[in-house]
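Please open the model in your viewer and keep the selection tool at hand. The tour below proceeds by selections, each followed by a description of what is found there.

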Amino acid sequence: MAKIFVVDDDPDMLALICAALQRDGHQVDTEADPTAVTPKRCRFYDLLLFDIMMPKEDGFSLIRRIRTEVDCPILFLTAKTGDAALVQGLGLGADDYIKKPFSLAELSARVNAHLRREKRQPTHALIRGDVHFDLQAKMVTVKEQSVPLTKGEYAICEYLALHSGQIFTKEQIYENVFGFDAEGDSSVIAMHVKNIRAKLKEHGAAPIETVWGVGYKWKKENDL
């Protein structure tokens, strides 16, 4: 399941797209007013769908405002078919176009293809279930509630979350988070993890799993 944000001034189009993507198991949010869209609002989605021809602000202006602060794929919905318009949109940071009119099968296929191909390392935001990372501010929220992690605790969380599903020993975590030249030893990782778990548990999240005799891992999305 992915989180998708659709911006289109046509309420019928929003309802159609929302229903189609929800049938694929995605979580879909919509917005009819592009001027209400901010980079912060877009930061925690896996994919964005923007119409181009909107009266208050067109899709080109919208992507120009947010692209430098948003990592995920952005697809345009457009009736424009000219090469100049397509080149302009791609130059502003769009990943693809879906030309109107389109079939729901095409919409589903194109969206899911981009989600499968998305391999860019996030630099602004990261979502792991209910746990959201603001990679710029170095903050964690669970269900929109801030979790008061120390600098070290945050660094461990971010490292494990970026590599969800992978198992790391305490030594590997220590070296990758604090560096080879850090003063101390890997035994502090167990205490950090204990503190992280307690803080996340207060918000109903338990993403870090102990692999006995090996180390720790951040659970994959379908295990949370």
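The stops that follow cover two sheets, one helix, the cysteines and several loop residues.

**Before starting**

This is a predicted model, in which local features need pLDDT of at least 70 and side-chain atom pairs count only at pLDDT 80 or more, while totals for chains, interfaces and linings use all residues. Residues are numbered from 1 along each chain as its sequence is written, and side-chain values use heavy atoms, with hydrogens and water left out. Helices (H or I, at least four residues) and strands (E, at least two) are DSSP runs, numbered from the N terminus.

**First stop: the parallel sheet**

Select β1 (3-7) and β3 (47-51), together with β2 (27-31), β4 (74-78) and β5 (96-99). These strands form an open sheet of 5 strands with parallel pairing, in the order β2-β1-β3-β4-β5; two strands are said to pair if DSSP finds at least two bridges between them. The edges are β2 and β5, each with a single partner strand, so one side of each has no neighbour in the sheet. On average, neighbouring strands of this sheet are turned by 20° against each other, direction ignored. Axes here are lines fitted to C-alpha atoms, for helices over the stretch in contact, and angles run from 0 to 180 degrees between N-to-C directions.

Next, display the boundary between β4 and β5, which run parallel and are joined by 4 bridges. One pair to label is Leu75 and its bridge partner in β5, Asp96.

Add helix α3 (residues 59-66), which packs on the sheet and touches β1, β3, β4 and β5. Its direction makes about 170° with that of β4. Contact means heavy atoms within 4.5 Å. Then select helix α1 (residues 11-23), which lies across β1, β2, β3 and β4 and runs at about 170° to β2.

**Second stop: the cysteines**

Which cysteine sulfur is closest to that of Cys18? It is the sulfur of Cys42, 16 Å away and therefore too far for a bond. Cys18 is buried, with a relative accessible area of 15%; buried means under 20% relative accessible area, exposed over 50%, and partly exposed in between (1.4 Å probe, protein chains only). Cys72 is in no disulfide either, as its nearest cysteine sulfur, that of Cys42, is 7.3 Å away. Cys72 is also buried, with a relative accessible area of 8%. With a disulfide defined as a pair of cysteine sulfur atoms within 2.5 Å, the count comes to 0 disulfides.

**Third stop: a cis peptide bond**

Select Lys100 and Pro101, which are joined by a cis peptide bond with omega of about -5°. Pro101 lies in the loop between β5 and α5 (104-117). Is Pro101 buried or exposed? Pro101 is exposed, with a relative accessible area of 80%. For a sense of distance, draw a line from its C-alpha atom to that of Glu171: the two are 70 residues apart along the chain and separated by 55 Å.

**Fourth stop: the antiparallel sheet**

Select β6 (125-128), β7 (131-134), and β8 (139-142) with β9 (145-147). They form an open sheet of 4 strands with antiparallel pairing, in the order β6-β7-β8-β9. Here β6 and β9 stand at the edges, each with a single partner strand. The twist averages 25° from one strand to the next. Strands β7 and β8 pair over 4 bridges, and Asp134 stands opposite Met139 in β8. Helix α6 (151-162) lies across β6, β7 and β8, running at about 110° to β7.

Now centre on the loop between β8 and β9, where Lys143 is placed. Lys143 has a positive phi of about 50° although it is not a glycine. Glu144 is in this loop too, and its phi is also positive, at about 70°. Glu144 counts as exposed, at 76% relative accessibility.

**Last stop: helix α8**

Select helix α8 (residues 188-201), whose 14 residues reach 20 Å from first C-alpha to last, close to the 20 Å expected at 1.5 Å a residue. The expected span is 1.5 Å times one less than the number of residues. Show the side chains of Ile189, Val193, Ile196 and Leu200, which are buried. Seen down the axis, the buried residues of α8 fall within an arc of 65°, so they line one face of the helix; the arc is that of the directions from the helix axis to the C-beta atoms. On the other side of α8, Lys194 and Lys201 are exposed. Finally, display what covers the buried residues, including β8, β9, α6, α7 (170-178), β10 (208-211) and β11 (215-218).
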